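Please look over the sequence and the structure shown here before reading on. The report that comes after is meant for someone meeting this structure without earlier acquaintance.

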Amino acid sequence: VTSAAHRGKGVGAALLERVKEIAKERNCAELGLGVYADNKNALRFYKHHGLTDEAVWLEMHFPAKDE
């Protein structure tokens with residue numbers, strides 16, 4: 001995550017590219033990350049940089065009980 005003040009300046013792209021380089025250097029088979037489905041900007045960013053939809057993470061939330 002980059003702060004709002006640094007978005008659009010290539011910081012996130014540079015960090016992601018470095019992570020991809022390290023993964024390749026270490027012979028990793030895959031690189032994964034999580035992003036909320038409603039974070040359209042992040043989804044667009046990651047897809048632009050070559051990541052694809054490969055899995056779905058499902059959650060269920062319960063209201064907290066008053067104690």
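The following paragraphs take up a helix, a loop, an aromatic pair and two pockets in turn.

This is a predicted model, and the values in the report are to be read with that in mind.

**The helix α1**

The helix α1 has 15 residues, which at 1.5 Å a residue should span 21 Å, and this agrees with the 21 Å that separates its end C-alpha atoms. Within α1, the residues Gly 12, Ala 13, Leu 16 and Ala 23 are buried. These buried residues cover an arc of only 95° around the axis, and therefore they lie on the same side of α1. On the face of α1 that is turned away from this buried side, the exposed residues Leu 15 and Glu 25 are found.

**The loop between α1 and α2**

The loop that lies between α1 (11-25) and α2 (40-48) contains Tyr 36, and Asn 27 has its place in the loop between these helices as well. Asn 27 counts as exposed because its relative accessibility is 69%, and Tyr 36 counts as exposed with a relative accessibility of 62%; the cut-off that applies here is over 50%. The backbone of Asn 27 deserves a remark, since its phi is near 60°, a positive value in a residue other than glycine. As a general matter, most residues other than glycine have a negative phi.

Tyr 36 can also be placed with respect to Trp 57, from which it is 21 residues apart in sequence, while the distance in space, C-alpha to C-alpha, is 9.4 Å.

**The aromatic pair**

How many aromatic pairs does a search of the whole structure find? The search finds one. In this pair, the ring centres of Phe 45 and Tyr 46 are 5.2 Å apart and the ring planes stand at 75°, so the arrangement is edge-to-face, given that planes over 60 degrees apart are counted in that way. Phe 45 is partly exposed, with a relative accessible area of 27%, and Tyr 46 is partly exposed too, with a relative accessible area of 22%.

**The two pockets**

The table sets out volumes and linings for the two pockets.

| Pocket | Volume | Lining residues | Residues nearest the centre |
|---|---|---|---|
| Largest pocket | about 890 Å³ | 27 residues | Leu 33, Gly 34, Val 35, Thr 52 and Ala 55 |
| Second largest pocket | about 560 Å³ | 19 residues | Val 1, Thr 2, Arg 7, Phe 45 and Tyr 46 |

Which helix gives the largest share of the lining of the largest pocket? That share comes from α2, which supplies four residues, although α1 and α2 each contribute at least two residues to the lining of the largest pocket. When sorted by class, the lining of the largest pocket has 15 nonpolar, five polar and seven charged residues.

In the second largest pocket, the largest share of the lining is six residues and comes from α1, and here again α1 and α2 each supply at least two residues. The lining of the second largest pocket divides into 10 nonpolar, seven polar and two charged residues. Phe 45 and Tyr 46, whose rings make up the edge-to-face pair, are among the residues that lie nearest the centre of the second largest pocket.

Technical notes
Residues numbered from 1 in each chain as written. Predicted model: local features only at pLDDT ≥ 70, side-chain atom pairs only at ≥ 80, totals over all residues. Heavy atoms only, no water. Buried < 20%, exposed > 50% of the residue type's maximum accessible area, 1.4 Å probe, protein only. 1 Å grid on protein atoms, 1.4 Å probe; cavity = no way out; pocket = protein on both sides within 12 Å on 5 of 7 lines; lining within 4 Å. Points joined across faces, edges and corners; volume = space filled by probe spheres on them. Nonpolar A, V, L, I, M, F, W, Y, C, P; charged D, E, K, R; others polar. Phe/Tyr/Trp six-rings, centres within 6.5 Å; stacked < 30°, edge-to-face > 60°. Expected span 1.5 Å × (residues − 1). Arc of directions from axis to C-beta.
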